[in-house]
Amino acid sequence: MQTRFILIETSHAGNVGAAARALKVMGFDDLVLVKPRWPNVLRKEETIQRASGANDVLAKARVVDTLEEALEGVTHLCATAMTPRDFGPPTRSPRDHFAELTRPGDPEQSVAFLFGSERFGMKNEDVYRCHVALSIPTHPQFGSLNLGSAIQVIAYDWRVALGGFPVQDAVPPADKADAQQVAGMLTHWEQALTDIGFLDPAAPKKLMPRLNQLFNRADLSPEEIHILRGVAKAMIQATDANKQVKR
């Protein structure tokens with residue numbers, strides 16, 4: 001779906017930068033500012049610093065004079081209004097509403113999320129023109145969110161509703177040791193366990209097969225095999241040194 005984030009009469013340059021960063025990390029880049037306090041807000045140093053690398057979103061962002069200009073091509077409007085009103089669109093939680101917007105088989109829409117000024121929020125007339133008022137389910141006694149934080153929450157929930165991104169493992173998957181490496185390590189351990197008196201070769205029972213199963217479940221890497229063989233080597237050397245001292 002086409003997605004646009006619209007900031008109305010934003011008063012702090014840093015929040016514009018924070019908005020750009022929130023959009024970029026969630027894969028969105030359509031940002032429109034309606035009559036911001038600073039006409040050159042997209043080029044202000046504070047904006048760029050708070051964007052923290054989302055310069056491409058700032059470069060693509062537009063500044064317009066009216067909300068009508070910002071809404072061009074949009075078919076579904078979502079206000080973000082925490083203050084209850086006696087008239088206007090229904091108030092929904094983001095996740096509940098997004099689940100309906102993304103129902104399989106329903107026609108795709110061009111969606112816009114509207115955010116009001118930090119000083120006085122959204123004007124009634126702007127809320128009334130929307131299809132829904134989204135209310136983030138915050139603590140009932142402290143529901144005030146920073147503008148950048150509110151945008152991040154909405155952008156995240158919307159991205160999840162659209163399917164999200166796969167989680168990237170911070171550590172690349174390690175290569176697995178082959179059966180020959182595991183067998184060699186077990187032979188080394190069998191010698192070490194015998195030397196320290198833990199394994200009785202005359203009555204081994206099922207110790208080594210159980211260790212074999214344990215290490216198979218661990219999916220050891222070649223580096224881990226190397227560590228375990230180092231432990232076995234240290235046990236053997238310690239036993240030999242102890243025998244020499246006794247002599």
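These figure legends walk you through a predicted model of one protein, beginning with the whole chain and moving on to a few close-ups.

**Figure 1. The whole protein, with its 10 helices and 7 strands.**
The radius of gyration is 31 Å, while the globule rule gives 18 Å for 247 residues, so the protein is more spread out than a compact globule. You can also follow this in the C-alpha trace, which spans about 95 × 45 × 35 Å along its principal axes. Take the contacts between residues at least 6 apart in sequence: 84% of them join residues at least 24 apart.

**Figure 2. The surface of the protein and its charges.**
How much of the protein is buried? Buried residues account for 38% of the 247. The accessible surface adds up to about 15,000 Å², and carbon and sulfur atoms supply 52% of that area. Look for the charged side chains as well: 28 are positive and 29 are negative. The centres of these two sets lie 6 Å apart.

**Figure 3. Strand S6, residues 111-115.**
Is this strand enclosed or open? Because 5 of its 5 residues are buried, S6 is largely enclosed by the rest of the structure. In a regular strand, side chains alternate between the two faces of the sheet. Here, Val111, Phe113 and Phe115 point one way from S6, and Ala112 and Leu114 point the other way. Residues on both sides of S6 are buried, from Val111 to Phe115.

**Figure 4. Two strands that pair with S6.**
Strand S1 covers residues 3-8 and runs parallel to S6, with 5 bridges joining them. Find Phe5 in this view, and you will see its bridge partner in S6, Phe113. Strand S4, made of residues 76-80, also pairs with S6 in the parallel sense, this time over 4 bridges. Which residue of S6 stands opposite Leu77? That residue is Ala112.

**Figure 5. Ser11, in the loop between S1 and helix H1.**
Follow the chain from S1 towards H1, which covers residues 13-25, and you will meet Ser11 in the loop between them. Is Ser11 buried or exposed? Its relative accessibility is 3%, and because buried means under 20%, Ser11 counts as buried. Which residues does Ser11 touch, leaving aside those up to four places away in sequence? They are Arg37, Trp38, Glu118 and Arg119.

Conventions:
Residues numbered from 1 in each chain as written. Predicted model: local features only at pLDDT ≥ 70, side-chain atom pairs only at ≥ 80, totals over all residues. Heavy atoms only, no water. Rg over C-alpha atoms; globule rule 2.2 N^0.38 Å. Buried < 20%, exposed > 50% of the residue type's maximum accessible area, 1.4 Å probe, protein only. Contact = heavy atoms within 4.5 Å. Areas by Shrake-Rupley, 256 points an atom, 1.4 Å probe, with all protein chains shown as cover. Lys, Arg positive; Asp, Glu negative; His and termini not counted. Charge placed at Lys NZ, Arg CZ, Asp CG, Glu CD. Pairing = 2+ DSSP bridges.
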